[in-house]
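Me: I've got this model open and I'd like a close look at just one part of it. Could you pick a helix and walk me through what its side chains are up to?

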Amino acid sequence: GMCAFAIGTARDWLFRCREMMESQSFAPTGTSMANATALTEQGETKLKAHFAKAVETVGRFKSHAKTLVDTMLPEDRGHKAERLQPRPEKVQKGLEIEREMAKGAREAVTTRLRDAEAKLDRLAEDDLAADFLTRWTEQISAVSLKGMQTQRRTKELSGRIETALRKEAAKYRTVAQAAYADIAA
């Protein structure tokens, strides 16, 4: 908070100096080079002062933070080296957690695989049923077609027999009439 305030104050002063210079340069009477130089020098000294305060504030913050860290973690060099070494029980616990996570992931994948296989089986059953219905329909259509062909052949044969019988009857009638005419004559 203190660092941000100090840096913000320095930025604010830089912005003000720039505004003063711009407003002076657009004044109706204009600004002489001496006025611009004076404004620049004034702005520069104030900016340096604010910047120095900001750097001092940041330095104090860093020293307070270092003191706080040293107070909270009073460890000498030997403890730091020991602290950096992995602890077997923590490593073991971490590995157990990772194994559990991997096991859970494997179980989730296995479950998803079984679900996918079940869906494929249901789709295959639907396909088998559709195939059965298609084959059955084709067989029924084939039987129906054979029946219609047989019926048509029977009708044609019946028509031929009737035509042949009519011709024979007409022939016998003609022969009978000729014989009757011979007898009657």
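Reply: Let's go with helix H4, and here's the reason for that pick. This is a predicted model, and within the protein chain confidence is highest in H4, at a mean of 86, while it is lowest in helix H3 (residues 77-84), at 51. For the whole protein chain the average pLDDT is 77, and 74% of the residues score at least 70.

Now find residues 88-184, which make up helix H4; Ile140 has its place there. Ile140 belongs to a nonpolar patch on the surface, together with Phe132, Leu133 and Trp136. Between them, these four have about 440 Å² of accessible area. Is Ile140 itself buried or exposed? Neither, quite: its relative accessible area is 45%, so it counts as partly exposed.

Next, the charged side chains. The count of salt bridges comes to three. Start with Arg152 and Glu156: they form a salt bridge, and their closest N and O atoms are 3.8 Å apart. That scrapes in, because the cut-off for a salt bridge is 4 Å. Where do the two sit relative to each other? Arg152 and Glu156 are four residues apart in helix H4, so about one helical turn separates them.

Glu156 has another partner, too. It also forms a salt bridge with Arg160, with the closest N and O atoms 3.9 Å apart. Glu156 and Arg160 again lie four residues apart in helix H4, about one turn of the helix. Put those pairs together and you get a network of salt bridges linking Arg152, Glu156 and Arg160.

How open to the outside are these three? Arg152 has 49% relative accessibility, so it's partly exposed. Glu156 is partly exposed as well, at 39%. Arg160 reaches 54%, so it counts as exposed; the line for that label is drawn at over 50%.

Further along, look for Glu162 and Arg166. These two form a salt bridge, with their closest N and O atoms 3.5 Å apart. Both lie in helix H4, four residues apart, about one turn of the helix. Arg166 is exposed at 56% relative accessibility, whereas Glu162, at 40%, is partly exposed.

So here's the tour in short: a nonpolar patch made of Phe132, Leu133, Trp136 and Ile140, a salt-bridge network of Arg152, Glu156 and Arg160, and a salt bridge between Arg166 and Glu162.

Technical notes:
Residues are numbered from 1 along each chain as its sequence is written. This is a predicted model: local features need pLDDT of at least 70, side-chain atom pairs count only at pLDDT 80 or more; totals for chains, interfaces and linings use all residues. Side-chain values use heavy atoms; hydrogens and water are left out. Patches are made of residues with over 30% relative accessible area and no salt bridge: like charges are joined within 9 Å, nonpolar side chains (Val, Leu, Ile, Met, Phe, Trp, Tyr) within 5 Å. Accessible areas come from the Shrake-Rupley method with a 1.4 Å probe; for residues, only the protein chains shown count as cover. Helices (H or I, at least four residues) and strands (E, at least two) are DSSP runs, numbered from the N terminus. Buried means under 20% relative accessible area, exposed over 50%, partly exposed in between (1.4 Å probe, protein chains only). pLDDT is the predictor's confidence in each residue, from 0 to 100.
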